[in-house]
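Student: Please give a close account of the sheet architecture in this structure. I should like to know which strands are paired, in what order, and what lies against them.

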Amino acid sequence: MKWIIDDMMADSYYGGNFLSSLKELGREVQVLENNPLKQMEMDRLSINETTLAYGSIQFIDSLTKAQPNVSTFSNFNSFDANKYLSYLDSSLLLSNDYMFVTMSFLLDDIQRSKLKAIFGDKVFIRPNSSKKLFSGQIFDLDDKRNIENTFKMSGSNKDTFIMVSSVKKVIAEYRTFISKEKGVLSASSYFYDKRGAEVRGCPERVSRFSETIIEELGYNAPDKLLVIDVAEYERLDGGTCLGLVELNAPSTSGIYACDARPIILEMERIIKEEWEME
């Protein structure tokens, strides 16, 4: 099998050991520049055999539109938060008191006052879209200008759906790559504010929790292979528990300190099986 990877994910800072693992496995790899001006290069690609791709959201979105025969695990619509959260009990979630609102709701003074009555002065906000228009973050509901500027820079519209929940004290975060058939393939701790401090692996209870999530989703899982981000957070009673942060598409997710080899092999196994069934 051949692989296409963008230059950003080819950098170990973003893509971890994905590219080096492909080379260790003896795969033929083509690295393309992640640049909208290079669209013609994508259009001219000749795909004559099974080819998989890994890269940023923007890159994979453009590549699959230009080359529909390229195989990826990136069914973006199915990874929108409202799609998969509909099939999970809220007790399994970090944002267990979430609600969905539109941008116009959040920019309205009266509506924000309603959110303050529910959540307090500060809330955690993340986009509903799996294409990550902006990163999930904590906002002060009194700082309307910051809210408005953040969404303007992200290209959000007044009808853009966003997810709002209370702020939690997060103790640790983990990323697991999990297959519906084989369970957790690889895992890593991660820190949004401490890149390079990730540690390979995760506690057994995090693996079990990830497997619970994929079991609960059943046939409603966005794909046969998922990235499940899990947080350990502090409850109001002072105890701690695990909660789902979000699901992500494997073909566009950073590896952190995960071992990429079992992920690559499972991607290839699934794609080969699907091609043989056609």
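Tutor: Two strands are taken to pair if DSSP finds at least two bridges between them. The strands themselves are DSSP runs (E, at least two residues), as helices are (H or I, at least four residues), and both are numbered from the N terminus. The model is predicted, so local features need pLDDT of at least 70 and side-chain atom pairs count only at pLDDT 80 or more, whereas totals for chains, interfaces and linings use all residues. Residues are numbered from 1 along each chain as its sequence is written, and side-chain values use heavy atoms, with hydrogens and water left out.

One open sheet consists of 3 strands in the order β2-β1-β3, with parallel pairing. Its edges are β2 (28–32) and β3 (51–54), each of which pairs on one side only. Neighbouring strands here are turned against each other by 25° on average, direction ignored; the axes are lines fitted to C-alpha atoms, for helices over the stretch in contact, and angles run from 0 to 180 degrees between N-to-C directions. Strand β1 (residues 2–6) is joined to β2 by 5 bridges, and I5 stands opposite V31 of β2. Towards β3, β1 is joined by 4 bridges, again in parallel, with K2 opposite T51. Strand β3 is covered on both faces: T51 and A53 on one side, and L52 and Y54 on the other, are all buried. Buried denotes under 20% relative accessible area, exposed over 50%, and partly exposed the range in between (1.4 Å probe, protein chains only).

A second arrangement is antiparallel: 4 strands form an open sheet in the order β9-β8-β10-β11. Because β9 (183–189) and β11 (240–248) stand at the edges with a single partner strand each, one side of each has no neighbour in the sheet. The twist from one strand to the next averages 30°. Within this sheet, strand β8 (residues 169–179) and strand β10 (residues 225–234) run antiparallel and are joined by 10 bridges; V170 stands opposite Y233 of β10.

Helices also lie across this antiparallel sheet, where contact means heavy atoms within 4.5 Å. Helix α10 (residues 204–217) lies across β8, β9, β10 and β11, running at about 125° to β10. Helix α11 (residues 260–277) lies across β8, β9 and β10, and runs at about 145° to β9.
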